[in-house]
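The following paragraphs lead the reader through the structure, from its helices to its sheet and then to some individual residues.

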Amino acid sequence: MSFAYGSDVQVDTGRLGLTVDEAVKQGLAKNPQVAGGLAGVNASLATYHSLGVPVPISIGATRVNGTSTAPTLTGNNSDTIVDVAGTLDTSGQRRYQAAGAQATYQSTRYQFLETLLTLEQQIRDAYWSLAAAEAQANIADVSLKEAQRILSLTVTQEKAGASPHGDVVRSSIDVANAKQTLLSAQNAQKTALVAFNTLLALPPLTPSRLSVSLSEDSAPVPTIPLPSVKELDEIAKKNRPLLKSADEQAKSANFAVRQAEAARLPDLSVMYQRSVEQQVDALSLSVSIPLFDFGGIGQSVKAAREQRKQAEAQRLQTQQQVAQQVAQAYADVQVAVESASSYKAEILIPSMTLLEMAKLGYQQGATGILPIIDAESTIRNARVGYINSLLAIYKAQDELLTAVGKLPVEPRSQTK
């Protein structure tokens, strides 16, 4: 039976747009990387099946003609001989080879699952990056319209004699800067779209409607109540395919040692022969054992043992690597949530207040246009920074998902 992964998954984005989970399903169903990895798993499985069956029994036929009677069973000058031959795996070499192939298959299968896990993280990251790019493009567009509105206001004020020409020049420069920012944001959005569509095996510039929007100032900061690092480590040990693949590689290396050692033991060969012409039978049993191998088998065993040591070292290294990834992801989530919360409270909300104060002062004639332009620039940067802080949370969450092999808890939004 071949190992298979879901295919032909139909994603219905519906009226609300494409969710991140739907994007993952579509990407895992259509990405060529999945098909290539699956082919490797099935090839490894077929290799195991080819070694897991008994040694083939061969049948042959021989026609003898000549003056010599040695080749025949009956001693006649001519004979037709049918023989059936096979070898019994009394040394265990083939058995250990099959066991090693099974471990290799399991290792390949877990590597494939690790590939799916990594691909899922890439799709999720690309999804949130596209959402952030769309939000930043929206902010740039709104900022441009606001800058144009202020320019129009300064022109009107200048004509009325209530505003100097310098305010008009300064406001026009702000409009030009806002246009450049919008162009950069739109280009970043296209770049994010291409990266996202590539992972979903879609044409690069295929429009994609996401179900989320990060452009609202009132967007809450998602919080992720996490277990302890120790509990996350235990989850990773049970679920992370990379660890299981390393364990199977160590098993395969151990079976390779036993196979090499079994080369010192004999295999039993059996041959049955029958003369078709005279109905004479013969049964031969042969056992061969290496007497002088001149160090060949010994060196093979040594090489296999060293490879086993290497596999064990790699297994320990993988365990340390996964533990480091879990700890790093745990810290990244904590820092990202704390940073976004403080950013909104200490930068975004005060920037909105500053803009309102600047507008009020200008309307009352207490200040010029420069405070408004400065406040507009401040709120624009604050909004972009807040989106980036939200993006950091979602990417840290994806990092944690990959590190432990699954998402330990469902994130929830902070309402305050």
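The angle between two helices is taken here between their N-to-C directions and runs from 0 to 180 degrees, each axis being a line fitted to the C-alpha atoms over the stretch in contact. The structure to which this is applied is a predicted model.

Helix H6, residues 241-262, packs against helix H7, residues 296-363, at an angle of about 170 degrees. The two axes lie 8 Å apart. Angles over 145 degrees count as roughly antiparallel, and H6 and H7 are therefore roughly antiparallel to each other. Sorted by class, the residues in the contact of H6 with H7 comprise 13 that are nonpolar, 8 that are polar and 6 that are charged.

The length of H6 can be checked against expectation. With 1.5 Å for each residue, a helix of 22 residues such as H6 should span 32 Å, and the C-alpha atoms at its ends are 31 Å apart, which agrees. Several residues of H6 are buried, among them Pro-241, Leu-243, Glu-248, Val-257 and Ala-262. Ser-245 and Ser-252 are also buried in H6, as are Ala-246, Ala-250, Ala-253 and Ala-260. The cover over the buried residues of H6 includes helix H3 (93-159), helix H5 (229-239) and H7.

The sheet comes next. Four strands form an open sheet, in the order E1-E2-E4-E5, with antiparallel pairing. Strand E1 (58-65) and strand E5 (281-288) are the edge strands, each pairing on one side only. From one strand to the next, the twist averages 20 degrees.

Within this sheet, strand E4, residues 267-275, pairs with E5 in the antiparallel sense over 8 bridges. Met-271 has Ser-284 in E5 as its bridge partner, and Val-270 stands opposite Leu-285 in E5. The hairpin of E4 and E5 has 5 residues between the strands, and in this hairpin Gln-279 takes a positive phi near 55 degrees. Is edge strand E5 largely buried or largely in the open? Of its 8 residues, the number buried is 0, so E5 lies largely in the open.

Individual residues in the helices add further detail. Ala-101 lies in helix H3, the helix that is included in the cover over the buried residues of H6. Residues with under 20% relative accessible area count as buried; Ala-101, with a relative accessible area of 10%, is therefore buried. Apart from its neighbours within four places in sequence, Ala-101 is in contact with Tyr-48 and Leu-51. Ala-101 and Ala-256 are separated by 155 residues in sequence, while their C-alpha atoms are 9.5 Å apart in space.

Ser-143 is also found in helix H3. Its relative accessibility is 4%, so Ser-143 counts as buried. Which residues does Ser-143 contact, leaving aside its neighbours within four places in sequence? Ser-143 is in contact with Ala-178 and Arg-380.

The last residue to consider is Gln-397, which is found in helix H8, residues 370-404. Gln-397 has a relative accessible area of 9% and is buried. The C-alpha atoms of Gln-397 and Tyr-330 are separated by 8.8 Å, although the two residues are 67 residues apart along the chain.

Notes:
Residues are numbered from 1 along each chain as its sequence is written. This is a predicted model: local features need pLDDT of at least 70, side-chain atom pairs count only at pLDDT 80 or more; totals for chains, interfaces and linings use all residues. Side-chain values use heavy atoms; hydrogens and water are left out. Two strands pair if DSSP finds at least two bridges between them. Helices (H or I, at least four residues) and strands (E, at least two) are DSSP runs, numbered from the N terminus. Angles under 35 degrees count as roughly parallel, over 145 as roughly antiparallel, 65 to 115 as roughly perpendicular and the rest as oblique. Ala, Val, Leu, Ile, Met, Phe, Trp, Tyr, Cys and Pro count as nonpolar, Asp, Glu, Lys and Arg as charged, and the others, Gly among them, as polar. The expected span of a helix is 1.5 Å times one less than its number of residues. Buried means under 20% relative accessible area, exposed over 50%, partly exposed in between (1.4 Å probe, protein chains only). Contact means heavy atoms within 4.5 Å.
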